[in-house]
Amino acid sequence: MVFRPSWRAGRRRTLSASRRILPDSVEPRRPRGGAGKLHAASSSIFVRARIVSSGFAVALPLGAVADGIGSAVAVVCRSTGRYRMSLYTYHHDAPAVVAAGRRWVQASLVGDGSVFGADATGTAANFDALDLYFVQRPEAGDGGFYDKLRIQLADAPPDARKLMAEVLWALFLFPSNITAQTKREGVVRVWDWSGEALDPSHPMLADALLGGIGSAGMGVNTNRWREVIYIIALGRAIKALPPQDRAAAFADYDRFMDWMATVPRDGDRQFRHMLRYFLFPERVERMSTNGDRRKVLAGFGVASMKQTRRWSDRDLDEALLALRGQQEQRYATTDLDFYLEPLRESWKEPNETDDSAEEDEEALAVREPDVAYALRPAARNLILYGPPGTGKTWRLQQLFKQYTDQPADVDRPTWALGLVSRFGWRAVIAAALADLGKPVKVTALEQHELIKAKAAQRKRNGVRATLWGYMQSHTPLEVATVNVADRRAPYVFVKSESSDWSVVGDWREVDAEAAELADAWKAGPGSAGRPILRYRVVTFHPSYSYEDFVIGLRPVAAEGGDGAVSTGFRMVDGVFKQICAEARANPSKPYALFIDEINRANIAKVFGELITLIEPDKRARYDAGGALARGMEVQLPGTGGEDGDDERFGVPENLDLYGTMNTADRSIALLDIALRRRFEFEEVPPNYQVLERRIEDVHLGRLLQAVNDRLEFLLDRDRRIGHAYFSRVASLDDLRAAFRLQVIPLLQEYFFDDWSRIAQVLSGRDGRSPFVETRVVRAAELFGHQDVGAMERARHETTDPSRWTAQAFRALYETAAGVD
């Protein structure tokens, strides 16, 4: 790319100075529109770098070249080859601030360093420390933000305090409605709590950077603590990735958007817009909330405010990018900004400020946790198959630890999701009301962490109707404020005349489940010493059905106003739908469903229409607004109620499926073609190496291999015997018991009680079997001289196990493999 700089100056006399400090390869050029046309509103000198191949321009202060930011700005320019830029705004130094923001991303998020020096402040341990001391220990006392912050960080490590100062610095980069001096004083103040001083004249604390590039409204101050919590969550999320994946997450817009949506946030956090702009100014407008984005699109007639309310960040960015392209063509220039004329008048009133924060969004019900998927390998569908006793289920058990969080390691959101997944809505609501400790309205109950965690786990966007339904159904019959006839035990909720809800006085005795949950919630993560399991285990059998696995009707008892008990039905989620809901609610963690004996059920009936959704390329990915961004969804029949709007359901990308199948029951060749196409298959054959030992001179590995070689010759490889049959053999008596109780009965099943074939498998070198004896039964001995057809038959039966010597066992493999 060729860079052609131009100049802008508030006073013409500075032109000669600009020529002197520019690099030799850079030639000043006057802007379009006339040789002497200058921007009188600006008193600083700017270099104007134009990328000829893409047709957009970047303005940056000459001083930035000297202090080292210039090279970073050049990187910003070079990375924007295909898109127009939204860096132009003559009254703000956007390129320098963007470059500083990118420098912070590289130093503190991708790396473990700092923008203020060589300190290793941006480490995972320091982000965890901020989560522990700031996020999990809120300070609700008197005093301002910094007074409370100092109390919270009193026990934090010095480097964690430095990191907090840097987090605030990153948050302060964008807003222009806070003075540079105020920002500088705050950052220096927090850094000093580490015991080391930060020089206020540090280049990263210069007015040019801390002046900001756009108003963030009052929200950036009133919700500063929420923004800090969000940045801490973002830091912890990125530190969970390998270094190479961290860089990749910030290098590509689409990949960044997918990852960013996995970071938990409470409300419409502004910093996610700020960071997106720092990284991709070629695609993202200089706006710190979606409120102004929606207003711009409405003002230019692209879409109404009502239409865009449910749009994702990605949708808004794409619409604004297309709109910018149209306006650049209309005005034949790239020097456009939606907050400046001529674009401003199309969407803002003449005297309206640039106060773009969406204060009304914070007043709305708290949004559900964002659902999307982190940078992780594609979902895996794997079936382990092989003969009985080869350790398939044992192999699955070894995978459990990959989907288990130990109490000391679990983060609170994962802990909360795992906790509420063990309880139904009734217990969760009762525990939340008990935790609140006073009568509250449903709108206040919705904000409780337990309710939000359950809503996330159940994939519910609105839970108010659910709360009303459960509380009304479990209200004592004598409560006259509830106009619901069908009520059922336990009777745990009470409603006042003013529609405030609470629990009955003896709720612990009435609802033991709610009491258990309330105690666990009060104790907190790790208190019970119980690991958090991110997996479910189920065993298929011939009568297993879609209703058990996905969703189906279940009977429930209901008590009417006259005390009569009736039976009703309601839809209940099966194990597969439950684990899908948990995985979608916690997309940064992998989940798994383990299905033992998967081939014993009718797969087509159990999976139903979901057989399509389990394919890796059909897995669902959701954006921050909960809308399907990738993959497929289907509508689950019968879930829509009276309105007929059936629930849409997708299988999330972070859910792995594992199964086992015993090929002796059903060969893999006979398995449903649809299932075979959607799963990987890994054979688990008998492992003779684990039996490399002798029992009274009987080599167990050779013995099993000899038996299996004969079975494969007479039958097929699917009906061999696994090493688990001999794994616990420690004596000759154990070996005899294994043959008598397990091996020979299995051979009877394999050969359909054809004892002559069993004798062939268990025969020695001379053709005789020491384990099976044959007796000739003659008709004359049984029936006298009656004519019954055949005159004699052979009867096969096992010999006395006490006669099974070590030599008898050795004879099996000595015949097959030569003298031992």
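Among contacts in the chain between residues at least 6 apart in sequence, what percentage join residues at least 24 apart? In this predicted model, the figure comes out at 69%. The chain runs to 820 residues, and 52% of them count as buried. Its secondary structure adds up to 35 helices and 22 strands. About 36,800 Å² of the chain is exposed, with carbon and sulfur atoms supplying 50% of that area.

Now for a sheet. Five strands come together as an open sheet, and reading across, the order is S9-S12-S17-S4-S18, with parallel pairing. At the edges stand strand S9 (535-539) and strand S18 (680-683); each has a single partner strand, so one side of each is left without a neighbour in the sheet. Going from one strand to the next, the twist averages 20°. In general, strands of a sheet pair through backbone hydrogen bonds, and the pairing can be parallel or antiparallel. Here, S9 and S12 run parallel and are joined by five bridges. Look along this pair and Val538 turns up opposite Ile595 in S12.

Helices pack on this sheet too. H19 touches S4, S12, S17 and S18, and its direction makes about 165° with that of S17. Helix H28 (residues 575-585) also packs on the sheet, where it touches S9, S12 and S17. The direction of H28 makes about 160° with that of S12.

H19 deserves a second look. This helix covers residues 392-399, and Lys392, Leu396 and Leu399 are buried in it. Seen down the axis of H19, the buried residues fall within an arc of 50°, so they line one face of the helix. Some background helps here: an α-helix has 3.6 residues a turn, so residues three or four places apart point the same way. And what sits over the buried residues of H19? The cover includes strand S4 (381-386), strand S12 (591-596) and strand S17 (655-662).

Elsewhere in the chain, Ala100 gives a single-residue example. Ala100 belongs to helix H4, which spans residues 94-110. Its relative accessibility is 0%, and because buried means under 20%, Ala100 counts as buried. Leaving aside residues up to four places away in sequence, Ala100 touches Trp169, Leu173, Met204 and Leu209. Ala100 and Ala170 are 70 residues apart in sequence, yet from C-alpha to C-alpha they are 8.9 Å apart in space.

Notes. Residues numbered from 1 in each chain as written. Predicted model: local features only at pLDDT ≥ 70, side-chain atom pairs only at ≥ 80, totals over all residues. Heavy atoms only, no water. Buried < 20%, exposed > 50% of the residue type's maximum accessible area, 1.4 Å probe, protein only. Helix = DSSP H or I, 4+ residues; strand = E, 2+ residues; numbered from the N terminus. Arc of directions from axis to C-beta. Contact = heavy atoms within 4.5 Å. Pairing = 2+ DSSP bridges. Axes fitted to C-alpha atoms, helices over the stretch in contact; angles between N-to-C directions. Areas by Shrake-Rupley, 256 points an atom, 1.4 Å probe, with all protein chains shown as cover.
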